[in-house]
Amino acid sequence: CSDEIHDHVDLHIANVGDCSVITASGTKVLLQTKPQQHRFNFPVQLGTFSETTARSADRERVALRSGDWIMLATDGLLDNVRVEEVVEIAARGVELSSVLRTDSC
């Protein structure tokens, strides 16, 4: 999941577990949240039988400007593709989508 920012905003992030929030400007990573794990291959998770609560979330704040973008990435993606490659591919997609936008229906 990704989106592009069209104004100046402060993004407040609360992240639990081994997924990541990535913010970027073009191909430059502004912020990537760190995965939370109890130990290798045992991520922190919210759930019925978990003692983890929303208070366990890592909190971040990042200032975003027009043209910056946000990506929510699963551990399945980031375990297999370097974040720099993901950002490069996503940045090309953002460029392409802005070229393809039209004012007509």
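Glu84 counts as partly exposed in this predicted model, because its relative accessibility is 47%, a value that falls short of the 50% that exposed residues must pass. Its side chain meets that of Arg82 in a salt bridge, with 3.5 Å from N to O. Arg82 itself is exposed, with a relative accessible area of 52%. Arg82 has another partner too: its side chain and that of Glu85 form a salt bridge at 3.4 Å, again N to O. Through these shared partners, Arg82, Glu84 and Glu85 are joined into one network. Glu85 is partly exposed, since its relative accessible area is 36%. The general idea behind such pairs is simple: side chains of opposite charge can pair when their charged atoms come close.

The count of salt bridges comes to three. Besides the pairs around Arg82, there is one between Asp10 and Arg61, where the closest N and O atoms are 3.1 Å apart. That pair ties together distant parts of the chain, with Asp10 in strand S2 (residues 9–15) and Arg61 in strand S7 (residues 58–64), 51 residues apart. Asp10 is partly exposed, as its relative accessible area is 38%, while Arg61 is exposed, with a relative accessible area of 56%.

Stepping back to the whole chain, there are two helices and eight strands. Read from the N terminus, the order is β-β-β-β-β-β-β-β-α-α. Of the 105 residues, 30% count as buried. Contacts across long stretches of sequence are well represented: among contacts with a separation of 6 or more, 66% are between residues 24 or more positions apart. As for how far to trust the prediction, the mean pLDDT is 84, and 84% of the residues reach 70 or more. Confidence is not even along the chain, though. It is lowest in strand S1 (residues 2–4), with a mean of 61, and highest in S4, with a mean of 94.

Now for some residues on the inside. Thr23 sits in strand S3 (residues 20–25). Its relative accessibility is 0%, so Thr23 counts as buried. Leaving out residues up to four places away in sequence, Thr23 touches Leu11, Lys28, Val29, Leu30, Leu31, Val62, Leu64, Trp69 and Ile70.

Ile13 belongs to strand S2. This residue is buried as well, because its relative accessible area of 8% is under the 20% cut-off. Apart from neighbours within four places in sequence, Ile13 is in contact with Val21, Leu31, Thr33, Asp58, Arg59 and Glu60. One of these partners, Asp58, is 45 residues away along the chain, yet the C-alpha atoms of Ile13 and Asp58 are separated by 7.9 Å.

Being in a loop does not rule out being buried, as Gln36 shows. Gln36 is found in the loop between strand S4 (28–32) and strand S5 (37–39), and it counts as buried because its relative accessibility is 11%. Its contacts, again without residues up to four places away in sequence, are Asn15, Val16, Gly17, Asp18, Pro43, Val44, Ser56, Ala57 and Asp58.

Asn41 makes a neat contrast. Asn41 lies in the loop between S5 and strand S6 (42–43), but it counts as exposed because its relative accessibility is 63%. Its backbone is worth a look as well: the phi of Asn41 is near 60°, a positive value in a residue other than glycine. For context, most residues other than glycine have a negative phi, and most peptide bonds are trans.

Asn41 also turns up in the lining of the largest pocket, along with Asp18, Ser20, Gln32, Pro35, Gln37, Phe40, Pro43, Asp75, Leu78 and Asp79. The volume of this pocket is about 190 Å³. How does such empty space come to light? Rolling a probe the size of a water molecule over the atoms shows where it is left. Sorted by class, the lining has four nonpolar, four polar and three charged residues. Two of the lining residues, Asp18 and Pro43, are also among the contacts of Gln36.

Conventions: Residues numbered from 1 in each chain as written. Predicted model: local features only at pLDDT ≥ 70, side-chain atom pairs only at ≥ 80, totals over all residues. Heavy atoms only, no water. 1 Å grid on protein atoms, 1.4 Å probe; cavity = no way out; pocket = protein on both sides within 12 Å on 5 of 7 lines; lining within 4 Å. Points joined across faces, edges and corners; volume = space filled by probe spheres on them. Nonpolar A, V, L, I, M, F, W, Y, C, P; charged D, E, K, R; others polar. Helix = DSSP H or I, 4+ residues; strand = E, 2+ residues; numbered from the N terminus. Buried < 20%, exposed > 50% of the residue type's maximum accessible area, 1.4 Å probe, protein only. Contact = heavy atoms within 4.5 Å. pLDDT = per-residue confidence, 0-100. Salt bridge = Lys/Arg side-chain N within 4 Å of Asp/Glu carboxyl O.
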